[in-house]
Every structure is written in C-alpha cells, then in structure tokens.
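Visitor: I'd like a walk through this one, strand by strand and helix by helix. Can we look at it together?

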Amino acid sequence: MVMKYAFKAMGGPCVFRIKARSEHIAYDHAQAAHEEVLRLERRYSRYREDSITSTINASAGKNSVSIDEETYRLLNYADTAFKVSGGLFDLTSGVLRRCWDFRSQTLPNQDEVERTLTRVGWAGVRFSKGEVFLPDIGMEIDFGGVVKEYAVDAALALLKKRKVEGALVDLAGDIGAFSNDPGTPWDIGIKHPRSPEKAVATVQLANSALASSGDYERCIVIGDRRYSHILNPKTGWPTNNAPLAVSILAPNCLVAGSSATIAMLMHSSAARAWLSELGIPWLLVDSDLNTYGTLAGI
Amino acid sequence: MKNSLFVLSIIALTGCQTVEPWERGILAKEEMQWQASTMEARFRQQMFNSKEASSGTSGAAGGGCGCN
Amino acid sequence: MGSNTLDKAKSPALAALLSSAVLLPAYQSAQADAPPESSEIGFRYGKYQEDAVAGGDTLSGEKSGRYDIDVAQFNLIVPVGDSWSVGLTGQWESMSGASPWFSVYGADGQQKVIMSGASIEDHRAEYGVEARYFHEEGNIGFNYVNSKEDDYHSDSIGADASLNSADGLRTYSLALSTSVDKITPTRGVAPTNTLKADKDIHSIWMGVSQIINDRSIFNLGLGYTQRQGYLTDPYKYRDNRPDNREELVLSGGYRHFFDDQNGALQADYRYFIDSWDVESHTLELAWVQNLNNDIQVTPFIRGYNQSQANFYSDVVVDTGGYYSDDHRLSSYSTVSYGLRLKKNFGPWRVSATAERYESAEGGWRYSQVPNKALVDFWGYSLGFTYNF
C-alpha cells in the first residue's frame with residue numbers, strides 16, 4: 001500500500017509517498033524522514049539564529065568557524081558546481097537579494113548593486129575539513145541553493161536504509177524517488193511555469209530525482225522585459241534571455257537541482273547547449289513559452 | 001558443473017560493473033536474496049541432512065538433532 | 001526508454017558533480033547495513049511422508065511403512081533501536097514409523113532390509129535465540145540453539161559476521177559454531193549400540209558475495225566441520241563408525257533478475273568431501289515468477305549425488321572394524337522437484353510448498369553398490385508471516 005504524508009518545510013508544501021506493508025509501518029518511517037528534513041532545515045536555515053549558516057555569516061571578516069563533515073562536504077560540492085558552471089553557481093550570491101524588491105516591481109539602484117557585488121565571490125571563501133572563513137564583513141553564505149535538494153536525497157536515503165519498498169519525496173517541488181520494483185515507477189508531472197494546473201511534461205521516476213528551477217512566482221515585469229529572481233553572481237542582475245523554467249532528471253536531487261540553477265543563469269540558447277552536453281534528461285521553457293529538451297513532449 | 005565454476009571465476013577476474021546505490025532496487029527484492037523464507041529453508045536443509053550423508057550450505061553447521 | 005534513461009557515459013561536468021555529491025553523508029549511509037524495516041512473526045506447518053519399503057525388499061516379505069514427520073515452526077524477529085535486531089525460533093517435530101535396522105542377503109541373493117518392527121514415536125522440541133548488531137560496514141550476530149528429544153539433547157552456540165566493501169558491491173562473511181550433543185538411545189524391541197554417548201561438532205564457514213551488475217549477484221563459500229565423539233548410529237545393528245569425521249564444503253550461488261519476464265533465476269551448487277571418503281555434488285535451480293496480484297510461483301528442482309563411505313557395505317558383515325549398512329552412506333543419487341506458491345495480503349504473506357524427493361541406486365559418476373533402503377518421500381508445507 002502507498003501512504004501519503006504531508007507537511008510544511010523548506011519554504012513550501014512537502015509530501016512523502018511511502019510504499020510499505022502496512023500504513024502504520026509507513027507512518028513510522030515517514031516520521032523519521034520528516035525529522036531528518038527538519039534537522040537539515042534547522043541546521044542550514046539563514047532565518048534561524050542557531051543555524052550554522054547564521055554563525056558563519058556573523059563571523060564573516062572576523063574569524064573562521066568550525067564545521068562538521070556534512071557541512072564541509074556541502075561546501076566542497078558547491079565548489080565543484082562553481083567550477084563546473086564557470087562561476088555561475090555561487091553560494092555567496094544570496095546577499096544580492098537585499099538590492100532587489102520583487103514585490104515592488106521596480107528595478108534596483110545600480111550603485112547599490114555594484115557595492116553589494118563586492119561582497120559576492122565564492123573564490124574568496126576559504127574552507128577546509130574542519131572550518132570555513134568568509135574574508136569580508138557583509139559576505140554571506142546561503143545554503144538555500146543546495147540544502148533543499150540535499151534534504152530530498154537525505155530523506156530518501158533514510159527511507160531506503162529502513163528498507164521500505166518504495167518512496168517518493170517531494171519537498172516544495174524538488175522530487176526524488178526510488179522503487180524496489182522498477183515495473184511500477186512513480187509518475188510525475190512537471191508544472192507549466194505559467195499555468196500550474198497543466199503539466200508541460202510527465203516523467204517516470206524509478207530510482208532518480210527531478211529538480212526544477214523557475215521564476216514561477218517571483219519576477220519583475222517592466223514593459224515587455226522580464227527580470228527573473230535568479231540573479232547572476234557576476235553582474236548582480238538576472239541573465240538576459242534566461243530560461244523561464246528548467247527541469248532536470250538526475251541520479252540524485254542535489255545534482256539535478258544545481259544543474260537546473262546553473263542553466264537558469266545562462267542565455268536560453270547557451271543553456272540548451274549546456275544541458276544537452278550534460279547528457280541527462282532535461283526540459284527547458286524559454287520566455288516565449290517554447291519547450292525544449294529530451295523530456296519535452298512526453 | 002565445471003563449466004559454471006569456470007564462468008563464475010571469469011566474471012570475478014574481469015571485474016564487475018559499478019552499480020550506484022540508486023540502481024540497487026532490484027537487488028533488494030526477496031527473490032534476489034541468498035536465502036528467502038528462513039523457516040522453510042531451514043527445515044528443508046534439515047530434511048536433506050538427515051536423509052543424505054552431506055550437510056552444510058551457507059553459514060556454519062549449527063545445532064544438532066538426532067534426526068534419523 | 002531511449003534518451004530519457006541515465007546514460008552511463010557521463011559528461012565531465014556531470015561526472016564531477018556526481019562524484020562530489022557522493023561524498024556527502026546521505027549518500028554514504030544509503031549503503032550501510034540496517035535492521036529489518038519492521039517486526040515479523042511467522043508460523044509454518046509441514047508434513048513429510050516417506051514411501052514404504054516394498055514387500056520384495058524386506059526379509060519378512062511384507063511391505064513396511066517408514067517415517068511420517070509432522071513439523072511446526074515459529075519465528076519472530078524484532079528490530080530494536082537503530083542498530084539491533086533480536087530473533088526467536090521454535091520448532092516442534094513429531095516422528096512416527098519404522099526405520100531400517102540392518103540388511104542381509106535373502107534366499108534370492110538380493111539385499112533384504114530388516115525394519116525396526118515396532119513403530120517408533122519420537123518428539124523433538126528446539127528453541128533458538130539470536131541477537132544481531134548492525135553497523136556502517138556490516139553486521140554481527142550471535143545465536144544459541146537448544147534441541148531436546150527423548151534420546152538426544154543438543155546445545156549449540158554460534159557467531160557470524162559480515163562486512164561490506166567500501167563500494168558496497170562485495171560482502172565478506174564468516175560464521176563459527178560449536179555444538180555439544182548427548183545421546184541416550186531408547187531401548188525398544190531391538191538392542192541399541194550404546195547406552196549413553198557424547199559428540200561435539202565444531203564448524204567454520206567463510207563466504208563472499210559479489211554484485212555483478214544491477215540484475216545479478218554471485219557468491220562463493222568454503223566451510224569446514226569437525227565431528228568428534230560417538231558418530232555411530234545407535235539403532236543400527238553392528239553399526240560402528242570412526243569417532244572422528246572432518247568435512248569440507250565448497251559452494252557457489254547465482255541470482256539473476258529478468259526484467260522482461262519479471263522473474264528471477266536462482267542457482268546454487270555445493271561440493272562436499274569428508275574423511276570417510278563420502279564425496280557429493282548438489283545442484284539446486286529455481287525460477288521465481290512474479291504474477292499480478294502479489295502472487296509468486298516458484299518451480300524448483302534439486303539434484304544430488306554421493307559416493308559411499310569407505311566402511312560401507314550393503315549387508316551386515318563382521319569385519320571387526322568400522323562398518324555401516326546405513327543406506328545414507330551408500331552411493332546413490334536423488335532428484336527432488338516441487339512448487340512453491342506465495343501471496344501477499346498487505347502485511348500478511350502466505351506460502352505453500354509441495355515437494356517430491358526420489359532416490360535412485362548408484363547413478364551418475366560413482367561406483368554403485370545399490371541399497372534397497374533408499375528413501376523417497378512427499379513433503380507438504382503451509383506457512384504465513386505477518387509484519388507489524
């Protein structure tokens with residue numbers, strides 16, 4: 001039987017679907033996986049004073065902060081993504097949000113953006129197995145770009161370890177699934193960026209993850225120009241002609257999510273070439289609502 | 001008999017394909033385990049041990065019985 | 001499938017991301033060992049009926065029924081915390097019938113079996129307890145088993161450990177066990193060869209299991225067992241066996257899952273050789289077929305073939321040395337075949353099996369000194385398990 005377990009975390013609605021021998025066995029495991037998601041949220045949320053993120057950011061420009069193995073590996077992963085994306089994937093770019101007000105529908109002050117840009121720069125971050133140091137006061141690390149997707153994988157790993165027959169983890173749109181029986185995969189619909197009740201494509205997940213990045217809600221529209229909330233760390237502005245939405249299918253959610261984020265920071269045509277070369281199933285919707293990619297039209 | 005052992009050793013020597021953790025769903029199925037239903041397997045083995053001169057499968061000998 | 005499957009040949013960017021991700025704790029622990037996902041309780045009942053010995057093969061000229069065995073089994077396994085599991089087993093058997101006492105040559109020069117006239121009634125009760133600890137790289141188990149019947153008492157302890165390789169594709173296992181048995185044969189109509197005797201059994205086993213690809217695995221095993229003490233059968237006339245027996249077992253197994261058929265092939269082979277010169281080969285094959293509605297059908301077949309012990313003779317001879325005419329130490333082969341059916345009903349699983357076992361004198365590869373007392377039997381069993 002399949003049990004549905006819903007809760008709120010990571011900034012949105014979350015759902016587990018667990019295949020187990022009985023409802024109460026599934027519930028027991030769902031609770032444990034829920035706890036794991038909350039653990040990661042508590043540890044890495046920049047909104048919580050007791051999170052490692054807040055501690056690191058408060059010490060920026062002053063002293064290094066000691067970190068555990070998991071944090072070190074996340075920083076290491078972010079570093080790999082930074083290199084692989086030619087500097088587009090940058091965990092220190094979060095501070096740029098201070099310049100932008102997407103609710104007001106007005107553009108930021110360019111001066112402000114340029115001053116804030118001096119506080120952005122992953123290349124300056126020093127980290128090692130036991131500690132991390134942000135060199136300038138005002139620099140910030142935002143794990144938001146990795147922790148939600150990592151939490152999908154962590155919850156799934158916990159459920160696998162507990163030997164459930166199959167599970168689907170959906171944390172506010174980032175999804176991972178496994179099934180001991182590949183004959184019955186999970187069917188997922190990828191939301192259309194402008195009409196959420198429509199699916200722009202459907203995907204079958206047996207032992208893989210689907211992550212999506214898109215400016216479904218937050219963007220600024222002035223005249224016929226659209227400004228996505230996904231900001232390029234090199235300019236402080238969204239990339240021109242960036243895609244509207246990208247979805248990627250990968251062996252784990254972390255890689256799916258960061259690849260999607262990277263694609264959202266390129267021109268649509270550059271993104272399409274990069275995704276094609278990456279070699280995993282992808283879907284891209286550009287600002288003219290054209291769909292591209294191996295997942296399109298399924 | 002000899003052929004299958006030969007094939008098995010060849011597989012061992014040539015090295016095996018990497019199987020990522022997310023690809024192991026099938027291997028977790030009951031029919032892919034070395035010993036499925038413990039009760040039935042245990043008793044069947046005991047029956048064979050008491051009717052034949054040989055004994056032993058996977059695992060050490062275990063307890064005895066007067067099984068005649 | 002086509003271009004939407006995850007291609008094995010990865011772009012450098014993807015490879016870099018994946019290998020960096022895999023170092024994170026979440027991906028590491030996915031490979032760790034863990035206790036079962038839920039508790040499980042099970043019961044099983046079985047009935048085994050040996051074919052009668054034909055009238056032409058007994059000295060009395062009368063057909064003689066052999067053993068009927070009824071067995072009931074119980075099994076409980078409970079995960080405890082994140083790293084432990086505890087198990088309890090129970091087995092009760094009730095045996096009745098006659099068994100061969102000894103053999104002589106009849107008037108026609110053929111071997112004739114003399115059965116232990118009066119019907120034997122024996123009951124056995126066995127209890128076992130096991131504790132298992134799971135850690136990042138594998139697990140360790142300890143068990144104790146106690147078995148009691150009117151004429152036989154056994155205490156055994158065992159320990160086993162398994163270790164997973166770093167890439168999770170290989171598992172190494174080691175098992176050790178020791179048992180101390182006491183025999184006090186019940187004197188019936190026929191005299192017994194001893195009043196009271198002991199024997200010890202020590203055993204060690206090592207194995208390795210390897211994942212070949214995402215659909216197949218194989219294993220290899222090596223076992224050594226030593227039995228010391230009273231190894232003679234107390235109920236067989238003039239039976240006199242050495243007080244020491246060493247055994248070596250080499251085994252191999254293979255499992256392959258076929259997506260298109262939704263079924264799995266199971267193959268297991270065992271080679272056995274001991275210090276009494278008994279050598280045997282065993283091959284078991286099964287095909288597990290999954291059907292709709294949570295049903296599984298498994299036809300299976302087993303072939304066995306053994307050579308005779310070096311002190312075996314088909315009829316009683318007084319050599320003054322080691323001797324046995326026990327058909328189980330003769331040279332013969334057997335084939336058994338059967339069908340197993342399983343069905344899931346949510347947390348319940350029911351299974352039923354029927355098996356036919358037939359022995360043939362001599363046969364394949366070994367010189368033949370046939371024995372008329374070879375046994376054939378039917379076995380039936382029904383069981384269920386419940387997860388909670």
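Visitor: Which strands sit at the edges of the open sheet in chain A?

Guide: This is a predicted model, so take what follows as read from a prediction. Eight strands of chain A make up the open sheet, paired antiparallel in the order S1-S2-S6-S7-S10-S13-S14-S15. An edge strand here pairs on one side only, and that picks out strand S1 (2–9) and strand S15 (291–292) of chain A.

Visitor: What stands opposite A:Gly176?

Guide: Look at strand S7 (residues 174–179) of chain A, which pairs with strand S10 (residues 207–214) of chain A in the antiparallel sense, over four bridges. Across from A:Gly176, in S10(A), you'll find A:Ala209.

Visitor: What angle does helix H5 of chain A make with S7(A)?

Guide: Helix H5 (residues 144–161) of chain A packs on the sheet and touches strand S2 (12–19), strand S6 (166–171), S7 and S10 of chain A. Taking its direction against that of S7(A), the angle is about 20°.

Visitor: And helix H7 of chain A, at what angle does it run to S14(A)?

Guide: Helix H7 (residues 268–278) of chain A lies across strand S13 (245–250), strand S14 (282–285) and S15 of chain A. Relative to S14(A), helix H7 of chain A runs at about 175°.

Visitor: Is A:Lys198 buried or exposed?

Guide: A:Lys198 is in the loop between strand S8 (186–191) and strand S9 (199–205) of chain A. Count the other C-beta atoms within 10 Å and you get 11. The cut-off for this class is 12 or fewer, so A:Lys198 is exposed.

Visitor: How do helix H3 of chain A and helix H1 of chain C run relative to each other, parallel or antiparallel?

Guide: The axes of helix H3 (residues 69–84) of chain A and helix H1 (residues 12–21) of chain C come within 9 Å and cross at roughly 175°. Anything over 145 degrees falls in one class, so H3(A) and H1(C) are roughly antiparallel.

Visitor: How many charged residues are in the contact of H3(A) with H1(C)?

Guide: On the H3(A) side the contact includes A:Tyr77 and A:Val84, and on the H1(C) side C:Leu17 and C:Ser20 are among the residues. The whole set divides into seven nonpolar and three polar, and the charged count is none: no charged residues.

Visitor: Over in chain C, what is the bridge partner of C:Gln306 in S16(C)?

Guide: On one side, C:Gln306 of S15(C) stands opposite C:Ser280. S15(C) also runs antiparallel to strand S16 (residues 332–345) of chain C, joined by 12 bridges. In S16(C), the partner of C:Gln306 is C:Tyr332.

Conventions: Residues are numbered from 1 along each chain as its sequence is written. Chains are lettered from A and ligands numbered from 1 in the order in which they are written. This is a predicted model: local features need pLDDT of at least 70, side-chain atom pairs count only at pLDDT 80 or more; totals for chains, interfaces and linings use all residues. Two strands pair if DSSP finds at least two bridges between them. Helices (H or I, at least four residues) and strands (E, at least two) are DSSP runs, numbered from the N terminus. Two residues are in contact if their C-beta atoms, placed from the backbone, lie within 7 Å. Axes are lines fitted to C-alpha atoms, for helices over the stretch in contact, and angles run from 0 to 180 degrees between N-to-C directions. A residue is buried if 20 or more other C-beta atoms lie within 10 Å of its own, exposed if 12 or fewer, and partly exposed in between; C-beta atoms are placed from the backbone. Angles under 35 degrees count as roughly parallel, over 145 as roughly antiparallel, 65 to 115 as roughly perpendicular and the rest as oblique. Ala, Val, Leu, Ile, Met, Phe, Trp, Tyr, Cys and Pro count as nonpolar, Asp, Glu, Lys and Arg as charged, and the others, Gly among them, as polar.
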